[in-house]
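Work through the exercises below with the model open. Try each task before reading its solution.

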Amino acid sequence: MSALSFAFLNPWLLAALVALPAIWWLLRLTPPKPVVEVFPPLRILAGIVKREETPSKSPWWLTLLRTLMAALLILAIADPVFNPRARSLDGSGPLVIAIDNSWATAEDWERRVATAEALIAEAEDTGVPVSISFTADREHDATPAAPELARTRLAAARPQPLSPDRDRAVTAIAAALDGTRPGTLAFLTDNIAPLSGDDPAMAKLAALNAADLRIVEAEADAPIAFNGAANGADAMTVTATRIDNDAPLTTPITAYDARGRSIATGAITFGEGDTVASGTLAAPFELRNDFARIGLDGAANAGAALLLDDGFRRRRVALLSGEARDLSQPLLSPLYYINRALSPYADLVDPNEADLAVAIPKLLEDRPSVIIMADIGRLPEETYPLMRRWIENGGTLIRFAGPRLAAAPAEDPLVPVTLRQGERALGGALSWSDPQPLADYPAASPFAGMRKPEGILVRRQVLAEPTADLPERTWASLADGTPLVTTTTEGSGRIVLFHVSAEATWSNLPISGDFVEMLRRTVQLSRGGGVGSTETAQILNPYRLLNADGVLTGEIGAARPLEISAGAVPAASPDNPPGLYGTEDGFTALNLLPAGTELRPLDRTALGAYRAEPLIGTETWSLKPWLFTLALFLLLADCLIVLFMGGALAALRRARRPALAALVIGLAALPLLDPVPQARADDSRPGDEKLLQSLDKTHLAYVVTGDAEVDRISERGLAGLTDFLTYRTTLEPGAPAGVDIASDELSVYPIIYWAISSSAPMPSPQAISRIDAYMRAGGTVLFDTRDQFSTLNLSGATSPNTQRLQDILANLDIPPLEPVPVDHVLTKAFYLLTNFPGRFNGSPLWIEAQPASDEQTGRPARSGDGVSPIMITGNDFAGAWAIDANGASLLPTVPPDELQREHAFRAGVNIMMYMLTGNYKADQVHVPALLERLGQ
């Protein structure tokens with residue numbers, strides 16, 4: 001039923017208006033009052049009290065109000081609408097309907113169906129056949145047929161979670177018409193241009209030469225679609241795109257976990273003229289790793305759902321180094337380039353403890369995805385089972401070579417291949433070969449697809465022993481075929497080894513862009529059962545697919561397995577709709593739009609002349625909400641009138657006074673409440689008092705071995721060196737300190753003297769691990785076997801003290817050693833020395849080996865200010881320095897020579913100056929050359 005521009009969707013309900021007179025009559029009547037029987041003794045009192053009189057009829061204006069309310073309800077239920085739409089078809093040819101049933105049409109699909117139904121009904125009245133086609137469908141049958149068949153196909157059609165393939169659909173329409181000119185061609189479009197940029201479909205539509213070409217589109221806001229996400233250090237950044245950029249827009253977004261629970265919210269804000277915008281979802285690292293889907297609030301389409309797999313999770317990466325970090329020279333730190341490369345992609349964790357025996361178990365409790373070890377040759381023995389178990393359970397261990405790893409034993413269980421002892425130098429005066437570039441990455445490597453490595457040269461590397469499976473374990477190699485990156489799997493985990501150092505001393509790989517991408521891809525392999533980055537091509541079956549409404553379902557339909565190959569980015573298609581591919585244990589997410597895609601409006605230039613019109617319902621608006629609202633206001637007014645006439649409002653005013661008084665009393669009592677006492681934490685620990693006493697001055701420390709005589713000589717020897725330093729230098733150390741390496745804080749001492757005694761108890765593994773941590777943190781340990789042996793080789797006869805030293809060093813991660821070179825800074829730190837005697841003068845002083853001079857020009861830069869973390873001698877320094885309370889020497893030198901004792905004291909001074917100033921003296925050597933270069 002319609003009148004002018006109005007129509008009633010339920011016109012039969014208007015018959016209820018006939019009942020309005022009866023409603024009026026009923027509202028006017030007042031029901032008789034109940035019969036009240038008065039108790040006889042109260043008859044006299046009843047005559048005194050004034051009777052309350054109730055009118056037999058309600059006021060006419062109140063009756064009119066109630067009748068009008070009833071009329072409004074009847075009209076609202078009849079659902080009056082305003083719809084002036086009236087169109088006519090061209091009957092000179094068949095009606096052709098092309099409908100975009102893409103993801104962008106999911107929310108207004110019913111209106112598109114209604115529009116197409118109206119066209120089909122008009123074609124049925126006109127008597128013309130109908131050709132209908134849906135652009136996102138896999139198959140097209142556009143043959144003109146009876147309107148009933150077109151209506152059946154329309155009822156069966158559904159929007160798809162895909163972009164439309166208009167070219168394929170229009171080609172099918174042209175083939176079905178076979179030259180027949182359409183009368184009316186209606187194109188119900190989503191107004192979004194193809195993602196590829198090319199759009200030949202518009203020209204093919206114009207070539208059909210329809211007598212009446214119509215473009216039907218919605219006038220509502222254009223849809224918004226996600227086009228990327230990145231899990232940053234503090235928040236997840238999500239980007240979206242739109243085609244309507246006329247006005248600014250802010251749309252809320254929500255992150256859901258795998259069970260569909262909302263766990264984080266944010267917003268994306270488009271500025272005026274912006275077609276791409278981003279928003280953030282701020283949440284803790286652990287919570288962001290639980291994100292499974294991100295949705296646009298209020299939107300229900302496939303573009304408004306962003307699926308996340310394990311590839312979007314931010315990995316927790318623990319960093320361990322074999323060298324002390326030098327804050328004044330960060331570029332020399334083994335972890336500097338790793339930190340810079342991974343900080344945008346991973347959550348980096350540095351251990352709070354320098355002792356690896358303590359730090360590694362704590363790190364494993366935090367369940368990191370990856371542990372990176374830079375130049376660590378030997379771990380504490382008790383940590384190997386923990387590391388093996390973590391790797392077998394899915395962890396990824398990435399190791400970098402260096403001097404310590406090159407000197408480590410070959411039977412290390414935490415390397416992927418068997419290594420040769422020592423390292424290989426490429427280039428320089430002592431090498432027959434030149435620095436090697438990188439070869440192309442193998443096809444089976446996760447680095448496949450990266451650009452060809454150029455400009456990367458390797459000067460030094462650790463070599464792998466040739467084995468039959470070495471090529472299968474190699475991810476990258478040098479031009480001469482030697483491996484650069486090798487790997488092996490252990491259980492569910494993986495071990496990866498870079499055969500060069502993590503800083504730029506062995507190669508320039510760490511300062512190249514390839515290093516960032518290689519590390520990112522390697523870390524991305526550390527999946528919790530996922531399938532994101534792969535080494536080889538994989539075929540994944542559909543697991544759960546996204547429908548057009550943006551809901552994950554288990555309906556697979558005709559979807560085919562997804563092929564993933566190295567270096568290729570899969571895209572959504574009719575064969576592979578958006579969704580999750582894989583299994584419940586591991587899957588990869590395929591989203592509607594590729595990362596970085598930007599939506600653009602449909603280019604209609606090639607169409608020529610056409611008529612634009614809206615979908616049915618664009619100009620239709622219903623009066624039902626307005627009528628219901630007006631009826632509600634009349635009901636509220638009626639309630640207020642009845643309350644006023646009954647006197648309820650007056651009673652309410654009387655009850656308000658006690659409530660106000662109670663509120664005032666409650667506010668006055670608030671200051672009487674006792675505040676909650678503040679708890680204070682007591683974080684003091686045993687030994688803090690001794691530690692504070694050691695901070696006033698520099699103290700020389702010695703290890704309390706448990707051998708009373710050895711400890712006495714060590715204490716008196718450091719006391720003698722302290723006096724010598726006070727008299728000969730500006731350094732005034734405090735009294736020597738004996739330390740228990742198993743419990744005392746060691747970091748406050750710049751150097752610790754350890755007199756080796758075979759008769760003393762063997763230190764525990766925990767104590768040796770603390771010494772290892774002390775050296776790694778920048779301290780130096782001076783081992784003195786006191787037996788004047790001149791070699792540390794394991795072959796041949798060794799003294800008991802040397803054997804004990806070898807047992808101790810077997811559990812320490814020490815770098816390669818060498819005797820002090822003649823041009824080392826130790827020889828000129830304070831005095832000019834040629835040797836370092838003590839009580840004896842037969843053993844050299846062993847220190848960390850410097851990089852070979854042929855690999856760099858001049859003095860090589862080193863981390864830790866060039867200070868060796870370990871020194872070894874057999875000359876009994878403390879025996880030469882030891883003095884009694886009167887300052888007299890306790891022990892004679894061998895042979896007796898006071899000049900040798902003087903040189904022993906000078907050696908101690910040089911060692912202390914070297915410890916406190918590092919390579920300062922070595923820098924002074926270059927001052928003349930620098931001044932000459934500057935022309936001064």
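**Exercise 1.** Find the two sides of helix H5 and say what the buried side packs against.

*Solution.* Start with the side turned away from the buried residues: Thr152, Ala155 and Ala156 are exposed there (over 50% relative accessible area, 1.4 Å probe, protein chains only). Next, list the buried residues (under 20%). In H5, residues 147–156, they are Pro147, Ala150 and Leu154. Looking down the axis of H5, these buried residues fall within an arc of 60 degrees, so they line one face of the helix. The arc is taken from the directions from the helix axis to the C-beta atoms. An α-helix has 3.6 residues a turn, so residues three or four places apart point the same way. Finally, check contacts (heavy atoms within 4.5 Å). The buried residues of H5 pack against strand S4 (95–99), helix H4 (109–126) and strand S5 (130–134).

The model is predicted: local features need pLDDT of at least 70, side-chain atom pairs count only at pLDDT 80 or more, and totals for chains, interfaces and linings use all residues. Residues are numbered from 1 along each chain as its sequence is written, and side-chain values use heavy atoms, leaving out hydrogens and water.

**Exercise 2.** Is threonine 482 buried or exposed? Which side chain does its own side chain contact?

*Solution.* Locate threonine 482 in the loop between strand S23 (474–477) and strand S24 (483–490). Its relative accessibility is 16%, so threonine 482 counts as buried. Its side chain makes a polar contact with the side chain of glutamine 461, at 3.2 Å.

**Exercise 3.** Classify phenylalanine 633 as buried or exposed.

*Solution.* Go to helix H14 (residues 624–646), where phenylalanine 633 lies. Relative accessibility is 54%, so phenylalanine 633 counts as exposed.

Terms used: Helices (H or I, at least four residues) and strands (E, at least two) are DSSP runs, numbered from the N terminus. A polar contact is a pair of N or O atoms within 3.5 Å; within protein, one must be able to donate a hydrogen and the other to accept it, and residues adjacent in sequence count only if both atoms are side-chain atoms.
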